[in-house]
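Visitor: Could you walk me through how this protein is packed inside?
Guide: Gladly; let us put it up and begin with a single residue.

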Amino acid sequence: MLEKLLKVQSLIGNTPLRTLNFDCKLSVKMENANYSGSIKDRAAFNILYNAIKLNEINQHTLIVESSSGNFAIALAMICKQLGLKFIPVIDPNINADSEKILRMLVEEVVKVDKPDITNGYLLTRIEKVKELCQQYPNSYWTNQYGNPYNYLAYYHSLGKEICNHFERLDYIFIAVSSCGTITGVSKRVKEKFPDVKIIAVDVEGSVLFSDVPRKRFVSGIGASKKSQLVEEASIDGVVHVTHKELIKGCRTLLSEQGVLGGASSGAVYAAIKKYFTHHPLSKDMQVLFFSTDKGDSYLSNVYNDAWVERVLHQTEAPIPAIMLEVPVIPNGTSL
Ligand SMILES: Cc1ncc(COP(=O)(O)O)c(C=O)c1O
């Protein structure tokens, strides 16, 4: 299996960088160019690679994971190459197209429909994953919210690519969900650029950075459970965006920069603009963010006027613009 897996490795990472027109040097790393179309390929590969190496997975192991989209697709595509059976546990926030792709990739998809106590679905999905693991004795839960190989993927690949490319770096804005990306990238990049500011971008209603739990409407950003991984991260600030700002961010990222990003990329673009209305920005500053998946999968939601109107009617009063500033999470303490 390892040989087959290493063939996939050459299709993950070393993604292109684009320079955008902005009031500073703004670059976007096109993580949608990865094997299955998202930044989550890096985590999926690394978790499977290490579990196979440690003999925690054999050819008959059932892989199980809770994901509302990209991580499930990444695992499904890699498991297909390896001939491994995979059951994703998804929820109603998944994009219609992502669900269709997933159902064509794997034999069985489990879709939960009961919101958890936070009005999200993550806790319900995790309960389902645990049930499946009990039902199948030879099963392996990749556990993106607790598996250190998630963040180590970003430490060893994305973080390293960034360090190799840049000579100066002032800010990186990173959308958060499992917090694998922000943890791995922040750890690695601060080794070369100790003064770089790492800004987490979260969506209203997500509990990751202590917002009041509320219903969320998009996948790829936010969570209804705090991630264990973030304890290892080095984060300098958090920007929360509302659904309205996220949607506008997606649309302006496309109209101003020609980047068709997904929900989290739009959220980050909105967060960058919001952040620099409160903080000084100069022409020579180098700011980086990631286009984390393909915007095409969001044509039925954030780019669809009827969906937007429905969702904006349901969202509650906007939350404060910037909730927390330096320093947010001391290493080794939980939130
Ligand atoms: C499109 C997209 N952007 C950002 C993220 C957040 O990445 P992480 O889970 O590493 O925090 C995800 C996670 O699912 C994602 O799918």
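**Inside the fold**

Visitor: Leaving aside neighbours within four places in sequence, which residues is Val185 in contact with?
Guide: This is a predicted model, where local features need pLDDT of at least 70, side-chain atom pairs count only at pLDDT 80 or more, and totals for chains, interfaces and linings use all residues. Residues are numbered from 1 along each chain as its sequence is written, and side-chain values use heavy atoms, with hydrogens and water left out. Contact means heavy atoms within 4.5 Å. With neighbours within four places set aside, the partners of Val185 are Tyr154, Leu158, Gly159, Ile162, Ile172, Ile174 and Phe290.

Visitor: How many residues does the largest nonpolar core have?
Guide: A nonpolar core is a set of buried Ala, Val, Leu, Ile, Met, Phe, Trp, Tyr and Cys residues joined through side-chain atoms within 4.5 Å. Buried means under 20% relative accessible area (1.4 Å probe, protein chains only). Val185 is among the residues with the most contacts inside the largest core, as are Ile78 and Phe290, and its size is 61 residues.

Visitor: Why does this core lie between domain 1 and domain 2?
Guide: The domain bounds come from an automatic or database domain assignment. The core lies between the two because both give residues to it: domain 1 (2-33 + 154-314) and domain 2 (40-141).

Visitor: What percentage of the 335 residues is buried?
Guide: Apart from the largest core lies another, of 40 residues, including Leu20 and Phe217. Over the protein, the buried share of the 335 residues is 60%.

Technical notes
Buried means under 20% relative accessible area, exposed over 50%, partly exposed in between (1.4 Å probe, protein chains only).
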